Amino acid sequence: MIIYYSKTLQTALKLNKTDFAKSEQLVKENKPFYAWHGHIAKVDGRNTIVLMNDKTMYSLLFINKLPRNKNKFAELVLEALPYTFEVGNVNREEIVNDMSSVDNIVFAEKTDRQITGNITRMFLEIF
């Protein structure tokens, strides 16, 4: 799974150059359903992590759950995704199949700012 980070998420997780995915990892992990964009925004004065799927625009919000390193963030995401899909009435067998193909989470920088714009638009419409 790839998480393309925003500058604010990079700063919050203290990501270094050594934490970024290499180009061969990106080619191997290049499945649109497993590509997400991460961003941090303020909602009611609280830091909120937003993950938006590149293909489906499905979004997860983590309010007041701001991990301070990439490993805790990866654990949080891998725990929240199956739960969120289950609450969203996705078939349990599909969830198990989809999550079994996720080995780990890699972080990458993406120069395309379209998803970040979609995240901002989502916040403007919801809040």
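**Group meeting talk: a histidine, two ring pairs and two helices**

Hi everyone, let's start with a handshake between two side chains: H39 and S6 are joined by a polar contact of 3.0 Å. Before I go on, please keep in mind that this is a predicted model.

So where does H39 sit in the chain? You'll find H39 in strand β2, which covers residues 35-43. And is H39 buried or exposed? Its relative accessible area is 16%, and because the cut-off for buried is under 20%, H39 counts as buried. Who else touches H39, once we set aside neighbours within four places in sequence? Besides S6, the contacts of H39 are T8, L9, T48, I49, V50 and I119.

Now let's turn to the aromatic rings. A pair of aromatic rings is described by the distance of the centres and the angle of the planes. How many aromatic pairs are there here? The count is 2.

One pair is Y58 with F85: the centres are 5.5 Å apart, the planes make an angle of 45°, and the pair is tilted. Where do these two come from? Y58 belongs to the loop between β3 (46-53) and β4 (59-63), while F85 is part of helix α3 (residues 70-87), so this pair ties together parts that lie 27 residues apart in sequence. Y58 is partly exposed, at 31% relative accessible area, whereas F85 is buried, with a relative accessibility of 10%.

Then we have F73 and F107, a tilted pair with 6.1 Å from centre to centre and 35° between the planes. F73 is in helix α3 and F107 in strand β5 (residues 106-108), so here the parts tied together are 34 residues apart in sequence. Both F73 and F107 are buried.

We keep running into helix α3, so let me finish with its partner, helix α4 (residues 92-100). The axes of α3 and α4 come within 9 Å and cross at roughly 155°. Which way do they run relative to each other, roughly parallel or roughly antiparallel? Angles over 145 degrees count as roughly antiparallel, so that is how α3 lies to α4. The crossing of α3 past α4 is right-handed.

And which residues meet there? From α3 we have L78, L81, P82, F85 and E86; from α4 we have R92, I95 and M99. You'll recognise F85: this residue pairs with Y58 and is also among those in α3 that meet α4.

That's my tour, thanks for listening!

Key: Residues are numbered from 1 along each chain as its sequence is written. This is a predicted model: local features need pLDDT of at least 70, side-chain atom pairs count only at pLDDT 80 or more; totals for chains, interfaces and linings use all residues. Side-chain values use heavy atoms; hydrogens and water are left out. Helices (H or I, at least four residues) and strands (E, at least two) are DSSP runs, numbered from the N terminus. Buried means under 20% relative accessible area, exposed over 50%, partly exposed in between (1.4 Å probe, protein chains only). A polar contact is a pair of N or O atoms within 3.5 Å; within protein, one must be able to donate a hydrogen and the other to accept it, and residues adjacent in sequence count only if both atoms are side-chain atoms. Contact means heavy atoms within 4.5 Å. Rings of Phe, Tyr and Trp (its six-membered ring) pair if their centres lie within 6.5 Å; planes under 30 degrees apart count as stacked, over 60 as edge-to-face and the rest as tilted. Axes are lines fitted to C-alpha atoms, for helices over the stretch in contact, and angles run from 0 to 180 degrees between N-to-C directions. Angles under 35 degrees count as roughly parallel, over 145 as roughly antiparallel, 65 to 115 as roughly perpendicular and the rest as oblique. A crossing is left-handed if the near helix is turned anticlockwise from the far one by less than a right angle, and right-handed if clockwise.
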